[in-house]
Amino acid sequence: MFSWCTDPNAIDGLAWLSCYLTTGKHLSIYVSVGTVLLLLAITAPVALAFGFGGAMAARSHFPPLSWLGKAYIAIVRGVPDIAFFLFFVIALDQFFEWMRHQVKCPDWDQPIRQGNDFVVCPEAKLPLSTAAQWVHETYGFSLAVLTFSIVFGAFAANVLFGAMRAVPHAQLETAEAYGMTRRQTFWRILVPQMWVYALPGLSNLWMVLIKATPLLFLLGVEDIVYWARELGGSKTAKFTDYPHPDWRVWYFLALLVFYLAFTRVSEIVLDRIMRRLTHGQATMGGEAQRKAS
Amino acid sequence: MKSILLGTAALAMTASMALAQDVVRMGTEGAYPPYNFINDKGEVDGFERELGDELCKRAEVTCEWVTNDWDSIIPNLVSGNYDTIMAGMSITPDREAVIGFTQNYTQPDPSAYLALAGNEDIDLSAAVIAAQTGTIQAAFVAEMGATLVEYATPDETVAAVRNGEADAVLADKSYLVPVADESDDVVLLDKDELIGGGVGMGLRQSDTELKEKFDAAIQSMKDDGSLNALLAKWEIGAAF
């Protein structure tokens with residue numbers, strides 16, 4: 001990286017550190033910080049959408065839809081995350097490939113399940129085995145986003161389901177008395193008022209989601225915890241220009257600072273949103289705001 | 001619009017050209033020097049990287065390296081996320097029930113114990129011994145009656161000895177030798193265990209064509225001595 005880095009054994013102190021921290025391997029951990037942030041940025045809204053859909057389905061008046069919503073919430077919430085991430089992603093990937101296989105290779109005569117193996121025709125592979133590495137990585141990342149969204153969507157659905165029921169019933173009755181249809185009541189009265197009840201639960205979920213990102217490595221996406229462990233582990237001079245003893249504690253300390261800073265910023269932002277949402281609501285917080293102004 | 005069309009045409013052409021040559025995705029762990037590790041540039045390096053690249057050249061396939069967690073390395077192979085495993089994986093009957101192996105490309109490597117200096121005369125049968133989860137060494141320790149503690153990565157097993165969580169670690173000797181050489185606080189015990197049937201390349205059982213290709217490539221490297229040269233270069237076990 002720098003001109004003085006050609007012989008790391010000859011330098012020490014800050015110069016050594018500046019070289020050490022800019023090796024290709026260290027650049028990977030910086031990239032993975034971006035990966036984690038991107039995952040959170042995409043997963044949060046998608047999971048919220050899943051949750052909203054799940055909650056709407058669960059409180060539907062059409063029984064099969066309601067069962068579907070409730071089953072989604074109950075099953076996904078009940079399965080341990082790690083089992084879900086190990087099993088579900090592989091199953092999901094295989095499902096996509098099976099679908100493509102049915103469409104693209106109708107003439108394929110060999111069985112798809114051969115003993116332990118899952119074999120589809122080469123054209124149905126996702127992504128194609130000839131695709132560039134970044135395509136594979138993007139695909140893996142998308143699967144991760146989808147899985148995280150489904151898991152956290154179930155929790156969000158439960159939170160939103162509760163929040164929808166927490167809106168005072170008198171509000172809904174009044175809306176009906178004004179002649180609003182059920183749909184209008186839902187979108188204009190219920191939804192705007194439920195967020196204030198949902199936010200404490202949702203903010204919990206957000207915090208858990210931030211801390212759940214190390215599960216990414218189970219899905220083959222290299223995240224910051226993986227790199228911290230890999231970079232911090234002791235290195236012998238035979239295999240690297242920068243040998244060092246077990247430095248994991250320093251790397252994990254850096255992670256600790258990262259996560260604490262990140263959750264602190266989240267708390268501040270969530271507090272602001274809460275204040276915004278409370279405004280004009282018939283809750284204790286809303287009443288306090290009204291009196292103060 | 002025209003440039004977009006041209007672009008897609010060019011993409012389609014490169015795609016069909018790429019299809020002509022097979023791409024084999026090689027799965028590895030990247031945490032087990034000298035077999036495989038991530039070098040300073042952030043690339044997969046080590047004995048298996050060099051061997052794998054040469055095997056691919058001989059088998060006339062293009063290879064792409066991917067790293068995967070050790071715990072899920074077999075499920076992801078079976079499910080088709082990559083096509084081979086080269087991760088210092090010894091050939092054992094238990095694994096052969098699930099995946100196929102090529103012929104071994106290392107001799108059965110003796111496993112060795114590493115303990116804290118000054119702690120050489122521990123009673124191994126009553127000791128707490130660390131090993132990586134899902135390895136032949138872990139199975140061996142469990143069977144010999146000592147207390148087994150398992151860790152996710154090889155590096156953590158050594159760290160466990162250093163911080164006193166375990167009395168000794170059992171792992172491939174070629175992994176432990178550089179560790180013992182470069183630090184004064186740990187030493188190898190002079191007792192080796194011969195376990196496993198050598199390291200081979202793992203493949204899906206249904207992938208017989210690929211297995212034949214790589215078997216032939218490994219055989220040709222054994223025949224012309226280039227495999228022995230690699231084994232000596234990376235100081236892994238005995239020559240063929």
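In which order do the three strands of the open sheet in chain B stand? I looked, and the order is β2-β3-β4, with antiparallel pairing. I take strands as DSSP runs of E of at least two residues and helices as runs of H or I of at least four, numbered from the N terminus. Two strands pair if DSSP finds at least two bridges between them.

Before going on, a note to self: this is a predicted model, where local features need pLDDT of at least 70 and side-chain atom pairs count only at pLDDT 80 or more, while totals for chains, interfaces and linings use all residues. Residues are numbered from 1 along each chain as its sequence is written, and chains are lettered from A and ligands numbered from 1 in the order in which they are written.

**Small sheet.** β2 (31-32) and β4 (44-45) of chain B are the edge strands; each has a single partner, so one side of each lacks a neighbour in the sheet. I found two bridges between β2(B) and β3(B), in the antiparallel sense. Tyr32(B) has Asn36(B) of β3(B) as its bridge partner.

**Five-stranded sheet.** I then traced another open sheet of chain B, ordered β5-β1-β6-β13-β7, with mixed pairing. Its edges are β5 (62-67) and β7 (100-101), each with a single partner strand, so one side of each has no neighbour in the sheet. β1(B) and β5(B) run parallel, joined by six bridges. One bridge I checked puts Val23(B) opposite Thr62(B) in β5(B). α2(B) packs on this sheet and touches β1 and β5 of chain B, its direction making about 155° with that of β5(B). That angle is between N-to-C directions on a 0 to 180 degrees scale, with axes fitted to C-alpha atoms, for helices over the stretch in contact. Contact here means C-beta atoms, placed from the backbone, within 7 Å.

**Leu51(B).** I picked this residue from helix α2 (residues 47-59) of chain B. Leu51(B) counts as buried because it has 26 C-beta neighbours inside 10 Å; the cut-off is 20 or more, with 12 or fewer for exposed and partly exposed in between. Beyond its neighbours within four places in sequence, Leu51(B) contacts Tyr105(B) and Leu230(B). Its C-alpha atom is 9.7 Å from that of Tyr35(B), 16 residues apart along the chain.

**Where the chains meet.** I counted 34 residues of chain B in contact with 34 of chain A. On the chain B side, α6(B) gives the largest share, four residues.

Note on methods: Contact = placed C-beta atoms within 7 Å.
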